[in-house]
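The following exercises ask the reader to work through a structural model step by step. Each task is followed by its solution.

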Amino acid sequence: MTTDLLLPADFFAFQSLLSDEEQKELLALREFLESEVKPRVNAAWAAAEFPMDLIPAFADADIVGRSYDWEGRPRASRLFTGFQAMELSRVDPSIATFLGVHNGLAMGSIMILGSEEQRQRWIPSMMAMQTIGAFALTEPEGGSDVARGMRTTARREGDEWVLDGAKRWIGNGTFADVVVVFARDVADDQVKTFVVEKGTPGFAASKIEDKFALRTVQNADLTFTGCRIPAANKLADGNTFKDVNKVLKVTRGGVAWSGVGCQVGAYEAAVAYAKSREQFGRPIGGFQLIQDLLAKMLGNVTASLGMTVRISQLQEVDALGDDQAALAKSYVTSRGRETVAMARELFGGNGIVLENDVVRYFNDAEALYSYEGTREMNTLIVGRSITGMSAFV
């Protein structure tokens, strides 16, 4: 593949590590996102509404399920699905998050922790995006400490489980057809994994309003009040919090790739602006201070992309450690905050106007920085690996 088909932000041509067929598919995705999705994202972000009519287009674009072996179709390489996440976030981190929740967290939980019967029950319609998924782990009073302090409970009564409690910040939660819910079994004090279907009595969802990052994502407060679900809706291999971590280790790498995409989108907007905006009689891209900002941004993008590429290579051979995933997530999203801030600075006052895109990346980077493990918690995972000593409370 010629270098003119690479993104300018891919300064070291990491995309060329993909096969020719993968690169062809990636370019098709890029064209779809540019033509069908990008024209919609600012209006959706401003209105804090999800463009539901795009969901069939996502299904037609064959975006979903590429990480899984299914129905005779082998999974794509981890490197390809990483670049896929980057391309999505490059256009809109909100759309990338919607798909990450559905495709990674919800489907991933069922694929990794479900029985064959459970996979056959839910995965086909999720692949076709006829059934949309959500993932309910975080609670109103529990974020980083939810593993030990989970308050949502489950108790077995005959052929049913009864859930009581609340979850918060649940992406896709207002309209999801199935929600993967984690609750502490009162019998053995272990965290179990359940699937709750929309419309189940005792289950309610309400949208979190006045959110200023990932505004298009419909985050919800969920409540479970004597919510009865069939025993068959408890995922077969979701029996402890260690099982939850099997899912999170995989998706944490995906968030790192989204962090790269957010940086790339902001960088591209800044480069275009630097070439077109004139001050003192010439484009500002010719000024030393502007070139300094652009070079720093490109360095952040390149370092972040190199780290995520390596994460995907390790995943491919099942050699990715929790500590490596944690370092990638914390590092990339930290650099992401720097990159989007420099992009906003380059725009001057125009950087706070939505039509110039950069303020959307600026705000969305804050959410990427915090979800799927804060920088602090991921740092402690890495610190434990370095020293052999746990600093967790």
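Contact here means heavy atoms within 4.5 Å. The model is predicted.

**Exercise 1. Determine which residues T333 touches, and whether T333 is buried or exposed.**

Step 1. T333 is found in helix α9.
Step 2. Not counting residues up to four places away in sequence, T333 touches L368 and Y369.
Step 3. Buried means under 20% relative accessible area. T333 has 3% relative accessibility and therefore counts as buried.

**Exercise 2. Check the span of helix α9 against the value expected at 1.5 Å a residue.**

Step 1. Helix α9 covers residues 322–347, which is 26 residues.
Step 2. The expected span is 1.5 Å times one less than the number of residues, and for α9 this gives 38 Å.
Step 3. The end C-alpha atoms of α9 are 38 Å apart, so the model agrees with the expectation.
Step 4. Just after α9, G348 adopts a positive phi of about 60°.

**Exercise 3. Describe the domain assignment and the contact between domain 1 and domain 3.**

Step 1. The assignment divides the chain into domain 1 (3–128), domain 2 (133–239) and domain 3 (242–387).
Step 2. The contact between domain 1 and domain 3 draws 34 residues from domain 1 and 35 residues from domain 3.
Step 3. Taken over C-alpha atoms, the centres of these two domains are separated by 18 Å.
Step 4. About 2,800 Å² is buried between domain 1 and domain 3, and carbon and sulfur atoms give 68% of this area.

**Exercise 4. State the helix and strand content of the two spans that UniProt lists as domains at residues 21–129 and 242–386.**

Step 1. In an unreviewed entry, UniProt lists residues 21–129 as "Acyl-CoA dehydrogenase/oxidase N-terminal". Over residues 21–129 the chain is 73% helix and 0% strand, with end C-alpha atoms 25 Å apart.
Step 2. UniProt, again in an unreviewed entry, lists residues 242–386 as "Acyl-CoA dehydrogenase/oxidase C-terminal". Residues 242–386 are 79% helix and 3% strand, and the end C-alpha atoms of this span lie 21 Å apart.

**Exercise 5. Identify the residues that touch the most other members of the largest nonpolar core, and the helix that gives the most to this core.**

Step 1. The largest nonpolar core has 93 residues, of which V37, F58, F83, F98, L137 and L346 touch the most other members.
Step 2. Helix α7 (residues 241–276) gives the most to this core, with 15 residues.
Step 3. Another core, of 18 residues, lies apart from the largest one; among its residues are W161, A176, V196 and I229.
Step 4. For L346, leaving out residues up to four places away in sequence, the residues touched are A270, Y273, A274, I284, I290, L293 and L294.

**Exercise 6. Place R66 and S206 in the fold, and classify the accessibility of each.**

Step 1. R66 lies in the loop between α2 (55–60) and α3 (78–91). Its relative accessibility is 10%, so R66 counts as buried.
Step 2. Neighbours within four places in sequence aside, R66 is in contact with E25, R73, R75, A76, F80, T81 and Q84.
Step 3. S206 belongs to strand β6 (residues 203–207). With 39% relative accessibility, S206 counts as partly exposed.
Step 4. Beyond its neighbours within four places in sequence, S206 is in contact with T174, N219, A220 and D221.
Step 5. From C-alpha to C-alpha, S206 and E34 are 32 Å apart in space, and 172 residues apart in sequence.

Notes: Residues are numbered from 1 along each chain as its sequence is written. This is a predicted model: local features need pLDDT of at least 70, side-chain atom pairs count only at pLDDT 80 or more; totals for chains, interfaces and linings use all residues. Side-chain values use heavy atoms; hydrogens and water are left out. UniProt positions are given in the numbering used here, feature names are shortened, and annotations may be inferred rather than shown by experiment. Helices (H or I, at least four residues) and strands (E, at least two) are DSSP runs, numbered from the N terminus. Buried means under 20% relative accessible area, exposed over 50%, partly exposed in between (1.4 Å probe, protein chains only). A nonpolar core is a set of buried Ala, Val, Leu, Ile, Met, Phe, Trp, Tyr and Cys residues joined through side-chain atoms within 4.5 Å. Domain bounds come from an automatic or database domain assignment. Buried area is the accessible area (1.4 Å probe) that two parts lose on being put together, summed over both.
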